[in-house]
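Me: Please take a close look at one part of this model. Pick a spot where two helices meet, and then tell me what lies elsewhere.

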Amino acid sequence: MQIGIVYDVFASYPWQTNDPTDADAEFEPEATVEAIAAALTSLGHIPIRIGTARELLRQLPHLKVDAAVNIAEDVHSRNREAYAPILLEMAGVPFLGSDALTLSLSLDKAWTKDLAIAAGVRTPAYAVYTAADVAALEAPPAPFPLFVKPRYEGSSKGITPASKVETLDALKIQVQRTCAQYKQDVLVEAFVSGGGEFTVAVVGNDPPEVLPALQRAVEKETEIGLHALDRRGFENPELAYKLGGALDPELEARLQHDALAVYNKLECKDFARLDFRVDAAGKPWFLEINPLPTFAPDGTFAILAELMGQSYPTFLANVLERGLKRLGM
């Protein structure tokens, strides 16, 4: 079969004046597209590189593919992750990955937390603020420290050491700064610490499979995840770090249970990655889900493949094959 790949790479980011330095952080290196193409080839399919959702729109009248793999994020709208799946759905092209509704909903950190709570999963107390909500900040959603982040971003965009705030004055400054830089509402939530930070991947359908939990290092002073402070657009490789907690079988089982509950509640398809923090009492707290996780050869899924004793091409081919099976292919 001919399988299209819809994606964004760093070189395709449409920079605008005053974009923050990490504006393209959700895009992918070429190596990610090459890894997906190689996995499809290993399954006996012919990969067709399409490019961005806007390129998909241009090619759609003449596009000849049997299915598509969608990892496109697009830019400048809270509806952006729905562009590619909507186009594919309207054209009758079956695709791997979650549909437009799930991608749009999960991009909204506030609505996602509401559904996590409805699924019985613990998540830090939170509130949403606009730049005009200065008076409302007088009654924040939880005791300090609090954490401030853009409402509709992924890949740690907008996260800096200043995102963790200890005082009302610092909260007001960070809310104003984040709203202005990212041109959107912000989510302010309780900062959970003492037990470490973890990410859990889920793949497949009927039933989905939850993979081993991975512990992330946290920056030594702020306890913010190290990956969030040393990343594209905000490189800082000299940061000191620690693990900040320990992963035992009981905790891993609870993280996997909660990850699966959120994956199912949002009706995700084929793959997703979920982030958690654990408090000093050992209780996990769900932070967010990414149904468009990176498949970069140095990313979480590649680490999981190594942990599970598989080559990354074999692991990735298995993930894609499960998705094609869901599509009846």
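**Two helices that meet**

Reply: In this predicted model, helix α4 (residues 100-107) and helix α5 (residues 109-118) have axes that come within 5 Å and cross at roughly 100°. Angles of 65 to 115 degrees count as roughly perpendicular. Therefore α4 and α5 are roughly perpendicular to each other. Look at the residues that meet. From α4 come L105, S106 and L107. From α5 come K109, W111, T112 and L115. By class, the contact of α4 with α5 has four nonpolar residues, two polar and one charged.

Now turn to the sheet. Four strands form an open sheet in the order β5-β8-β6-β7, and the pairing is antiparallel. Its edge strands are β5 (126-129) and β7 (164-165), and each of them pairs on one side only. β5 pairs with β8 (residues 186-190) over four bridges, in the antiparallel sense. There, Y126 stands opposite E189 in β8. Helix α6 (residues 168-182) packs on this sheet. α6 touches β5, β6 (146-150), β7 and β8. The direction of α6 makes about 10° with that of β6.

Last comes a pocket. The second largest pocket holds about 350 Å³ of space. It is lined by 20 residues, and the closest to its centre are H76, E153, Y182, K183 and Q184. By class, the lining of the second largest pocket has eight charged residues, six polar and six nonpolar.

Methods:
Residues are numbered from 1 along each chain as its sequence is written. This is a predicted model: local features need pLDDT of at least 70, side-chain atom pairs count only at pLDDT 80 or more; totals for chains, interfaces and linings use all residues. Side-chain values use heavy atoms; hydrogens and water are left out. On a 1 Å grid over the protein atoms alone, a cavity is a set of points where a 1.4 Å probe fits but cannot get out, and a pocket is an open set with protein on both sides within 12 Å along at least five of seven lines; lining residues have an atom within 4 Å of a point. Grid points are joined across faces, edges and corners, and a volume is the space filled by probe spheres set on the points. Ala, Val, Leu, Ile, Met, Phe, Trp, Tyr, Cys and Pro count as nonpolar, Asp, Glu, Lys and Arg as charged, and the others, Gly among them, as polar. Two strands pair if DSSP finds at least two bridges between them. Helices (H or I, at least four residues) and strands (E, at least two) are DSSP runs, numbered from the N terminus. Contact means heavy atoms within 4.5 Å. Axes are lines fitted to C-alpha atoms, for helices over the stretch in contact, and angles run from 0 to 180 degrees between N-to-C directions. Angles under 35 degrees count as roughly parallel, over 145 as roughly antiparallel, 65 to 115 as roughly perpendicular and the rest as oblique.
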